[in-house]
Amino acid sequence: MHRFRRIFRSASRLQLASASGVEFYSPSYCRILLLRREKSSDPSKVSNLFTPLLIKAEPEESDMGVGKELTGNISKSELIKVLNKFYTRPEVKQMCTENGLDSYLQHQAYISFRRYCLECESLPVDIHIVVSDILKGATHITDMFPYFLKHARQIFPHLDCMDDLKRISDLTSPPSWYPSARAIKRKIIFHAGPTNSGKTYRALERFLTAKSGVYCGPLKLLAAEVYKKANERGTPCDLVTGEERKYSLGEGNPSPHVSCTVEMTAVNTPYEVAVIDEIQLLRDPGRGWAWTRAFLGVMAEELHVCGEAAAIDLISALALTCNEDVEVHTYKRLTDLKVEDEAVGNFENVQAGDCIVCFSKNDIYSVSRTLETNGREAAVIYGGLPPGTKLAQAQKFNDPESSCKLLIATDAIGMGLNLSIKRVVFYSLIKPIMNDKGEKELDVISVSQALQIAGRAGRFNTHYDKGSVTTFKAEDLPILKNLLSQSPEEITKAGLHPTAEQIELYAYHLPNSTLSNLVVSPILVIY
Ligand SMILES: Nc1ncnc2c1ncn2[C@@H]1O[C@H](COP(=O)(O)OP(=O)(O)OP(=O)(O)O)[C@@H](O)[C@H]1O
């Protein structure tokens, strides 16, 4: 199981498909390819990642000396001469290419074959006879090719099942990976609007009144919130995250409703209603595949997706690949949000109801230390905290009776959490991001991130019916204003991940492959 998990994780590096004009990507996969490309402009060099299996020179006992008895002794020097001559023949190279061996694999196979022949105490009969015939001029040197190819296939097992691997590697039609979802005609409703516009509320109302449903959220905390809300409303609902499963109706007795993190979405369970929250995250380089999978695979009569309007076109195109239509409902923000004309400047100007947003743990620590030194109590929320701790921190900050009036948080608060924030203060606008090469670099936050985080201020149904936003440093304010004056960038790509079954098939076809060979096989096949 552990081995399989490792295979699966690495397999997230697979590419990609382009189905009916929808572009998919898996950047961590691309990272490998780009790394390879940096070393060489030839994409076929991906095969350099294959390491040959070691074949011991141990012929069958019944073979021992038979070749020599039949055709006479062959000296090592004669054998080397034949092998070298064989390998330099252009026809041999041609035949290698035709059989899936590029120049790297040819060379590796030749080194291994040569070692095998020279280390053999007694050559296998068939090889002995063909070498002997070549030496006598009775046959052509290229007649050794079948023996060489047999050896190459032993050390590179993927060569034996290229056709099957090609079939499995066909990632060009992701909708067909989910036959159960394709067997039903789903009604798809896209709730589009900015943050705090009531989109999720509307979708959840439908979820709560359905006979069965699944809520797929971006964070454990949000899944936990929906689980709590549903159960409080008398709709028994289970909670499923990567870490835990909570049953509402008693251990082992699943409820008709499930609230889960999007990665945990069941694609073989029928539901009346499914809600996929923050659908724009399907473009996310690391986790986007989970939204794509949930969208294509969830078996729901009614599928509600909530998110930025920037995802409408892509979702409609994806739906089209499933022969489904999308009904779009648009929403407006429920409360006012004002961009302030002054930056905060220093910690004395921090006010009750402020949420200081940082993009690094160092900033979180330094801001909380400074506030503490100034005798100001602050709750802290960042991605790495356990969900229970995050919830406790959110409750402490939301509680009007609490002495804690400040919040320090990363963009973990950017998604759906109900926090009583009066003003969002961006401590910085620089965030580490993953570039196209899969490397981490620092960049200004995107328009979508700025809007999403700023939108947390003045959340409907909290103590503040209006919100405001500003920066800590004066020099950041014009940049923030510019970001907030724009609409989120149109989403044009969705993340994609092969299914567990596809990776299992790879493991099945290549039982003797090393893990690294198994992982890179699909990449080679795609090329
Ligand atoms: N019609 C409504 N009646 C009562 N409360 C509502 C209503 N619409 C929205 N709310 C509340 O307003 C808050 C924001 O709504 P909601 O979570 O649906 O926003 P959203 O558009 O999905 O934005 P986000 O992505 O930030 O969650 C929530 O606390 C929600 O319960």
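**Exercises on a predicted model**

At 1% relative accessibility, Cys260 counts as buried. The structure is a predicted model.

**Exercise 1.** Decide whether Cys260 and Cys216 are joined by a disulfide.

Solution.
Step 1. The sulfur of Cys216 is the nearest cysteine sulfur to that of Cys260, 4.4 Å away.
Step 2. A disulfide needs a pair of cysteine sulfur atoms within 2.5 Å.
Step 3. Cys260 is therefore in no disulfide. Cys216 is in no disulfide either. A search of the whole structure finds zero disulfides.

**Exercise 2.** Is Cys216 buried or exposed?

Solution.
Step 1. The relative accessibility of Cys216 is 0%.
Step 2. Buried means under 20%, so Cys216 counts as buried.

**Exercise 3.** Find which strands stand at the edges of the open sheet of six strands.

Solution.
Step 1. Write down the strand order: β11-β18-β15-β12-β14-β13, with parallel pairing.
Step 2. β11 (336–339) and β13 (378–381) each have a single partner strand, so one side of each lacks a neighbour in the sheet. These two strands stand at the edges.
Step 3. For the sheet's geometry, add that the twist averages 20 degrees from one strand to the next.

**Exercise 4.** Describe how β15 pairs with β18, and name the helix that lies across both.

Solution.
Step 1. β15 (residues 423–426) and β18 (residues 466–471) pair in the parallel sense over four bridges.
Step 2. Phe426 has Thr471 in β18 as its bridge partner.
Step 3. Helix α18 (residues 477–484) lies across β11, β15 and β18, at about 130 degrees to β18.

Terms used
Residues numbered from 1 in each chain as written. Predicted model: local features only at pLDDT ≥ 70, side-chain atom pairs only at ≥ 80, totals over all residues. Heavy atoms only, no water. Pairing = 2+ DSSP bridges. Axes fitted to C-alpha atoms, helices over the stretch in contact; angles between N-to-C directions. Contact = heavy atoms within 4.5 Å. Buried < 20%, exposed > 50% of the residue type's maximum accessible area, 1.4 Å probe, protein only.
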